[in-house]
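Biologist: I am new to this one, and I would love a friendly tour. Could you bring it up so that we can go through it together?

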Amino acid sequence: MIAPDEPFLRPLSTRWIPREMTTAPALDPGDAGGPVESRYALLINPFYAKDANASLGKHALTPTLALTSFAATTPESWRVQYWDENLLDGRPPFRPMPSVVGITVHLTFARRAYELADWYRARGAKVILGGLHVLSCPDECAPHADALAWGDGVQLWPRILRDLETNQLQACYVATYENDYCDDPSPRRALLPRRNFLTTTSLIATRGCHNRCGFCYLATDGLRMPYRMRHPQQVVDEFKADDQPYAVFIDNNLGSRRDYLHSLCAALRPLDKIWSAAVTIDVTDDPSLIRNMALAGCTGVFIGFESLSDHNLADAHKKTPKTGDYARRVRILHDYGIQVNGSFVLGFDHDRKDVFARTAEWIEENRLECATFHILTPYPATPLFRQMEAEGRVLHRDWTLYDTAHAVFQPKHMTPQELEQGYAWIYQRLFSRASIWRRRPEDWQAIPLYLAMSYLYKRSNRFWHLLIKHDLVNPVWKPLVEMTRLRHVRYRRKLAEGEVPNAAAPGQVVSAGV
Ligand code: B12
Ligand code: SF4
């Protein structure tokens with residue numbers, strides 16, 4: 001048993017992190033940039049500081065689809081370039097100067113996005129800002145943009161380019177998420193640097209979620225995102241076309257509609273590939289669905305348990321099974337060889353200082369292969385933000401620190417410093433050798449691969465930095481991914497033949513979740 005005060009017994013050592021993972025590359029104020037090239041669009045995913053407590057590998061797992069999704073609607077007469085500042089290749093290009101720069105903005109990297117926007121605008125490029133932060137804080141974004149894209153870029157981007165060509169650019173473009181999702185083109189993944197990601201196949205099959213938790217960005221004021229699904233065959237075609245063995249579904253909740261997930265699994269099954277996805281724990285209501293997921297190649301799920309307190313979950317308005325039943329449900333996933341990466345939010349109003357020890361203990365007892373932690377963060381324009389503000393508990397509006405690694409509000413039963421210390425402690429505990437060993441799979445044949453993956457993911461931040469820096473993420477991981485895929489294919493053949501699951505748990509690609 002872990003003593004409830006263990007996280008606070010001693011100060012924690014600060015974990016090493018290279019400077020270029022915490023500081024954005026400099027923009028030279030004295031450089032005038034190159035001449036503007038007409039019909040050249042540069043799309044930027046801005047830099048954000050990494051948290052040394054978590055795995056640096058997370059950032060090279062799979063790319064965001066924010067930019068590639070709407071890049072697919074660019075007319076052929078335009079040249080498009082993609083630049084992700086987090087791949088450590090320096091600042092985005094500026095010779096020649098793009099005629100338009102599209103930047104995706106999240107609150108954690110809003111400051112960097114504005115810096116980039118101001119720099120390019122001052123040198124003749126038109127700047128379009130879009131993404132989650134534009135949805136929640138349009139007034140803050142507007143002074144840094146020639147135009148704002150509020151909502152679905154897939155609908156807006158061609159309109160914006162058309163208006164640019166005719167010199168009729170408007171200040172704000174608005175699109176909802178209510179159209180038929182099957183009409184969207186496939187994201188333009190060919191723009192992505194393949195060596196830099198464990199897999200470039202970030203797939204998205206659905207948008208939205210049947211829940212609306214008060215802390216989730218889906219509850220942002222004005223955002224209407226009904227649950228929308230792509231045709232399973234479209235998803236299969238994209239998976240095949242990207243020619244990678246492993247895909248990560250970046251859906252908010254791939255399990256919201258069980259009938260849909262059943263048909264998606266049926267379509268994915270013949271591919272003999274592997275994948276992971278975020279789902280809510282209620283998918284285990286139907287064990288036949290879990291079996292179908294395993295048969296279709298699911299090696300891991302990312303589950304937002306959020307909290308082990310029913311009171312916290314009720315406060316957040318999350319419709320979910322009782323926490324007392326979580327352990328049984330985790331076993332159902334494990335029984336089908338599906339690894340569980342549990343996501344936990346710390347600092348809810350019913351959390352006291354023992355929450356860290358209790359959560360760590362539960363994770364170890366139930367052998368969750370991986371866990372991701374978030375300090376409760378009131379995202380602007382959500383019900384949680386309004387509540388915290390009304391109670392006078394929001395400490396500041398420095399969005400850079402709204403990265404779920406910092407306490408930005410006054411918790412009820414501890415100080416913000418204690419919340420941050422508990423957060424750092426729980427990561428250190430779960431990434432320790434002893435904890436990794438305690439959570440090893442029961443099947444001894446699966447242990448070597450589990451250990452290799454866990455060490456690589458959780459204990460190799462120096463190595464990750466080098467891999468990212470030298471464009472080696474994909475070449476180094478590929479053999480491990482392929483081994484896991486082959487093992488999984490053998491496993492599911494046995495499963496299909498009716499062998500008792502758990503006999504040869506297939507091992508995992510990576511314990512990460514997005
Ligand atoms: C992939 C992903 C990641 C990847 C890559 C992140 C990156 N920025 O490169 C990794 C794993 C590294 C990651 C890390 C983190 N993430 Co993340 N991540 C996602 C995830 C699962 C998918 C993003 C995506 O591709 N969405 C699909 C695209 C198509 O949708 P979209 O981004 O909204 O883009 C559309 C529109 O907004 C618009 N648009 C967007 N940009 C632009 C730009 C222009 C010019 C135009 C015209 C239109 C436009 O058009 C697009 C098409 O409709 C989302 C959840 C989700 N399903 O969205 C979380 C999410 C974005 N992540 C989140 C968080 C909190 C984090 C972390 C801070 C978590 C942590 N503690 O580690 C870190 C750090 C990243 C950071 N500081 O921002 C939150 C953000 C909450 C918020 N309000 O900002 C989300 C929403 C998850 C959640 N439910 O809370 N993440
Ligand atoms: S279940 Fe997850 S994705 Fe759905 S609303 Fe809640 S936090 Fe958001």
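Biologist: How many disulfides does a search of the whole structure find?

Modeller: Keep in mind that this is a predicted model. A disulfide is a covalent bond between the sulfur atoms of two cysteines. Here a pair counts when the sulfur atoms lie within 2.5 Å, and the number found in the whole structure is zero.

Biologist: Why is Cys298 not bonded to Cys265?

Modeller: Both residues are buried: Cys265 has a relative accessible area of 2%, and Cys298 has one of 0%. A disulfide needs the two sulfur atoms within 2.5 Å. The cysteine sulfur closest to that of Cys298 is the one in Cys265, and they are too far apart for a bond because the distance is 7.5 Å.

Biologist: Let's turn to a helix. Against which helices do the buried residues of H16 pack?

Modeller: H16 runs over residues 461-469, and its buried residues are Asn461, Trp464, His465, Leu467 and Ile468. They cover an arc of only 165° around the axis, so they lie on the same side of H16. Their packing partners are helix H15 (447-458) and helix H17 (473-496).

Biologist: Which residue just after H16 takes a positive phi?

Modeller: Helix H16 spans residues 461-469, so we look a little further along the chain. There, with a phi of about 55°, is Asp471.

Biologist: And how do the residues of the shell around ligand 2 divide?

Modeller: Among the residues around ligand 2 are Cys209, Cys213, Cys216, Asn252, Glu306 and Lys318. Cysteine counts as nonpolar here. The shell divides into four nonpolar, three polar and three charged.

How values were computed: Residues numbered from 1 in each chain as written. Chains lettered and ligands numbered in written order. Predicted model: local features only at pLDDT ≥ 70, side-chain atom pairs only at ≥ 80, totals over all residues. Heavy atoms only, no water. Near = heavy atom within 4 Å. Buried < 20%, exposed > 50% of the residue type's maximum accessible area, 1.4 Å probe, protein only. Helix = DSSP H or I, 4+ residues; strand = E, 2+ residues; numbered from the N terminus. Arc of directions from axis to C-beta. Contact = heavy atoms within 4.5 Å.
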